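Let's take a walk through a protein together. Keep the picture open beside you and turn it as you read.

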Amino acid sequence: MARGKFITLEGTEGVGKTTNRQYIQNYLEAKGIPLCVTREPGGTPLAEEVRELLLSKRDETVDEQAELLLVFAARAQHLNQVIVPALERGEWVLCDRFTDATYAYQGAGRGLSLSTIETLEQLVQGDLRPDLTIVLDIDVETGLARAGQRAALDRFESEAVEFFHRVRAGYQQRVAANPSQYAVVDAGQSLEDVQQDIKSVLDGLLSAS
């Protein structure tokens, strides 16, 4: 059985990942593609508990190394329980955030060592990398204004605006370093135009499969 494709969806706060994840899911399922839709941090009961630890506001300062290790602990569980088995069954996997988010948030945002992240990435993932990463990009202030209209902000969403400028720059650096893996979509457009761009990206992946 042919291995499934691994698609990840990335972006800073307020880019519309949830809405566009649903669009991608509907589009691929309409094409008859067996699909596993999941998210990070999370995707399994244990990893969802870690997600709650990571996102919850607390009086205690969260050590940056502890945050990084929790992210990869959840990822190890998620990969081995959900993502890898689905790919081996021939399903496509659509994941809301993956390791690019770690490079962007913990690397660029927190200033943690990229070589440390690379070491953990290799330890947890081996050679597994996404076949395609769609990066929804928007200017930071617009994205944060959108996020603030949704619901109460979590621990990450409550960071200072400068943090998110660093995160966005981190994503841009990832794309520049390996452009063939990424498709950048302007999330500041109308939803219709955003989804038309996503459709074009997916059509290209399907035609190459």
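Helices (H or I, at least four residues) and strands (E, at least two) are DSSP runs, and they get their numbers from the N terminus. Before we start, note that this is a predicted model, where local features need pLDDT of at least 70, side-chain atom pairs count only at pLDDT 80 or more, and totals for chains, interfaces and linings use all residues. Residues are numbered from 1 along each chain as its sequence is written, and side-chain values use heavy atoms, with hydrogens and water left out.

Let's begin with Glu159, which sits in the loop between α6 and α7 (161–177). How exposed is Glu159? Its relative accessible area is 27%, so Glu159 is partly exposed. The scale works like this: buried means under 20% relative accessible area, exposed means over 50%, and partly exposed is in between (1.4 Å probe, protein chains only). Not counting residues up to four places away in sequence, Glu159 touches Arg110 and Phe164. Touching, or contact, means heavy atoms within 4.5 Å. With Arg110 there is also a side-chain polar contact of 2.6 Å. A polar contact is a pair of N or O atoms within 3.5 Å; within protein, one must be able to donate a hydrogen and the other to accept it, and residues adjacent in sequence count only if both atoms are side-chain atoms. Now look from Glu159 over to Val71: they are 88 residues apart in sequence, and 18 Å apart in space, C-alpha to C-alpha.

Val71 brings us to the helices. Helix α3 (residues 64–88) and α4 have axes that come within 11 Å and cross at roughly 175°. That angle makes α3 roughly antiparallel to α4. The contact is built from Glu67, Leu68, Val71, Phe72 and Arg75 on the α3 side, and Thr99, Thr102 and Gln106 on the α4 side. Sorted by class, the contact of α3 with α4 has three nonpolar, three polar and two charged residues. For these axes, lines are fitted to C-alpha atoms, for helices over the stretch in contact, and angles run from 0 to 180 degrees between N-to-C directions. Angles under 35 degrees count as roughly parallel, over 145 as roughly antiparallel, 65 to 115 as roughly perpendicular, and the rest as oblique. As for the classes, Ala, Val, Leu, Ile, Met, Phe, Trp, Tyr, Cys and Pro count as nonpolar, Asp, Glu, Lys and Arg as charged, and the others, Gly among them, as polar.

Next, follow α4 to another partner. Helix α4 (residues 99–109) packs with helix α5 (residues 114–125) at an angle of about 155°, with the axes 10 Å apart. Therefore α4 and α5 are roughly antiparallel to each other. From α4, the residues making this contact are Thr99, Thr102, Tyr103, Gln106 and Gly107, while α5 brings Leu114, Ile117, Glu118, Glu121 and Gln125. The class count for α4 with α5 is three nonpolar, five polar and two charged residues.

Now step back along the chain to Arg97, in the loop between β3 and α4. What is the sign of its phi? Phi of Arg97 is near 75°, a positive value in a residue other than glycine. Arg97 has 13% relative accessibility, so it counts as buried. Asp96 belongs to strand β3 (residues 92–96), and at 7% relative accessibility Asp96 counts as buried. The side chains of Asp96 and Arg21 are joined by a polar contact of 3.2 Å. Among the residues that Asp96 touches beyond four places in sequence is Glu40. Look there for something unusual to spot: a cis peptide bond joins Glu40 and Pro41, with omega about -15°. Pro41 itself lies in the loop between β2 (35–39) and α2 (45–55).

Our last stop is strand β4 (residues 132–137), where you'll find Asp137. Asp137 counts as buried, at 19% relative accessibility. Its side chain and that of Arg168 are joined by a polar contact of 2.8 Å. Asp139 is in the loop between β4 and α6, and with 33% relative accessibility Asp139 counts as partly exposed. The C-alpha atoms of Asp139 and Gly188 are separated by 7.7 Å, with these positions 49 residues apart along the chain. Finally, Gly143 is found in helix α6 (residues 140–150), and Gly143 is buried, with a relative accessible area of 0%.
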